[in-house]
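Biologist: Please take a close look at one part of this model for me: the second largest pocket. Tell me what lines it, then set it beside the other hollows and the surface.

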Amino acid sequence: MRKYSALLLIVLSLVLLLPAAQAADPSGATNPATLEGVMNSIDYTWVLICAFLVFFMQAGFAMVEAGMVRVKNVANVLMKNFMDFVIGTIVFLVIGYSLFMGTDVGGLIGDPRTAFLLIGEAYDVGTMLSWFFMLVFAATAVTIVSGAIAERPKFKTYLIYSAVVTAVIYPVYAHWVWGGGWLATSDFMVELGGGCGALDFAGSGVVHALGGLLALAACIVIGPRLGKYTKDGKPLPIPGHNMTMVMLGGFILWFGWFGFNAGSTLSGNQLVIAKICVTTVIAGAAGALTAMAISWRRAGSADFGLTVNGMLGGLVGVTAGCAWVEPWAALVIGVVAGFVVCYGVWFLEKKGVDDVVGAVSVHGLNGLWGLIALGIFADGTYGVYAVDGPLVTGLLYGNA
């Protein structure tokens, strides 16, 4: 009881140190009944709908992961997915969001007092909209790891991991790119990026590469499942128990990805959302078709799991540049992503990395590919996260 009393005392002390809500607008009452106010309301509605779609992606991850494991481990995987969001919500409220979007401190983190418990000036509809949208992105990054290390970690250990990533690891890196941190704003990065700094429209790097590389580290530390490798190191198949769940989860994720990518405009008034939806669906389809063809050629029949992962890899690959690339470029990005998924999965398996759902290849390797693809294919027709921002131009369009 002593440790819980001490924790409660710390929380109450922090609350008392924060200012009362003076400039906050918790009801949205200051929104004017003008054209500007209507446009603002459209943006709010759009962002919330997209956030709901990204939230629903948690069900997609749960279905894919549950279908890929053996029957005896389904409940454990589902519980971990569920608790990712439950725990993530609380720690993101207490510290994660402030480290992410708070007032910048030396380019490294946001001020942890900025939006603590969403009180004070943070008790505002604008801040709450941002908090909710960023929460569902954080939850996506965290839950990528659960499938990769399925059937191995203790439940208590996984809960600690989930809390630490949502509270600190994800918010700090996200701040560097999206929250005004050094990767986006330092003179060196701005010059290196042709006047733009580090860019990642919807999270190939911030969400997917981060989650995928965390998955790689976790797989290496935990080691493979019992029975995955022979004594001489040859990998053995451990098939998932339900491909119907995998298919359903894959479609849910594809559906939710339109909110993930198009919602990152943070505005329903930016008609580039149509382009984003087009590049998103093309890359996903191209990744699936490529992975299917490669697996078919290798084994004599198409591998359904790899085909779904090819689709997911294509989506991950186009996420960084979905607003900045042409449809033909999205097709190329998806094709490359399909190759990366297949050969990445096979290579890592040979090296002793037991990744149950292929998360390292889908999210980690293709997250990095997405960042590279952005620098190659950005066509210079859309600005930095906005119509009126500096135009984003890649290598093929003259930005060398």
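Modeller: This is a predicted model. The second largest pocket has 23 lining residues, and those nearest its centre are Gly-193, Gly-197, Ala-198, Leu-199 and Gly-375. Four elements each give two or more residues to this lining: helices α5 (155-178), α7 (187-192) and α13 (359-377), and strand β4 (391-393). Helix α13 supplies the largest share, with 4 residues. The space inside comes to about 560 Å³. By class, the lining of the second largest pocket splits into 15 nonpolar, 7 polar and 1 charged.

Now the largest pocket. Its volume is about 840 Å³. It is lined by 31 residues, and Lys-228, Asp-303, Leu-306, Val-345 and Glu-349 are the closest to its centre. Helices α10 (273-299), α11 (304-319) and α12 (327-350) are the elements that give two or more residues to that lining. Helix α12 gives the most, with 5 residues. The lining of the largest pocket holds 16 nonpolar, 7 polar and 8 charged residues.

Next, the enclosed space. The count is 1 cavity of 30 Å³ or more. The largest cavity holds about 90 Å³. Helix α13 turns up again here: α2 (35-68), α11 and α13 each supply at least two residues of the cavity lining. Among the lining residues are Phe-61, Val-64, Glu-65, Ile-144 and Leu-253. Asn-309, Leu-312, Val-357 and Gly-358 also line the cavity, as do Ala-359, Val-362 and His-363. By class, the cavity lining has 8 nonpolar, 3 polar and 1 charged residues.

Last, the surface. Met-243, Met-247, Leu-248, Phe-251 and Phe-304 make up a nonpolar patch there. Together these five have about 440 Å² of accessible area. Helix α9 (residues 243-262) gives the most to the patch, with 4 residues. Phe-304 sits in helix α11. Why does Phe-304 count as partly exposed? Its relative accessible area is 35%, and partly exposed means between the 20% limit for buried and the 50% limit for exposed. That value also clears the patch cut-off, because patch residues need over 30% relative accessible area.

So helix α11 has a part in three places: it gives two or more residues to the lining of the largest pocket, at least two to the lining of the largest cavity, and it holds Phe-304 of the nonpolar patch. Helix α13 links your pocket to the cavity: it gives 4 residues to the lining of the second largest pocket and at least two to that of the largest cavity.

Technical notes:
Residues numbered from 1 in each chain as written. Predicted model: local features only at pLDDT ≥ 70, side-chain atom pairs only at ≥ 80, totals over all residues. Heavy atoms only, no water. 1 Å grid on protein atoms, 1.4 Å probe; cavity = no way out; pocket = protein on both sides within 12 Å on 5 of 7 lines; lining within 4 Å. Points joined across faces, edges and corners; volume = space filled by probe spheres on them. Nonpolar A, V, L, I, M, F, W, Y, C, P; charged D, E, K, R; others polar. Patch = residues over 30% accessible without salt bridge, like charges linked within 9 Å, V, L, I, M, F, W, Y side chains within 5 Å. Areas by Shrake-Rupley, 256 points an atom, 1.4 Å probe, with all protein chains shown as cover. Salt bridge = Lys/Arg side-chain N within 4 Å of Asp/Glu carboxyl O. Buried < 20%, exposed > 50% of the residue type's maximum accessible area, 1.4 Å probe, protein only.
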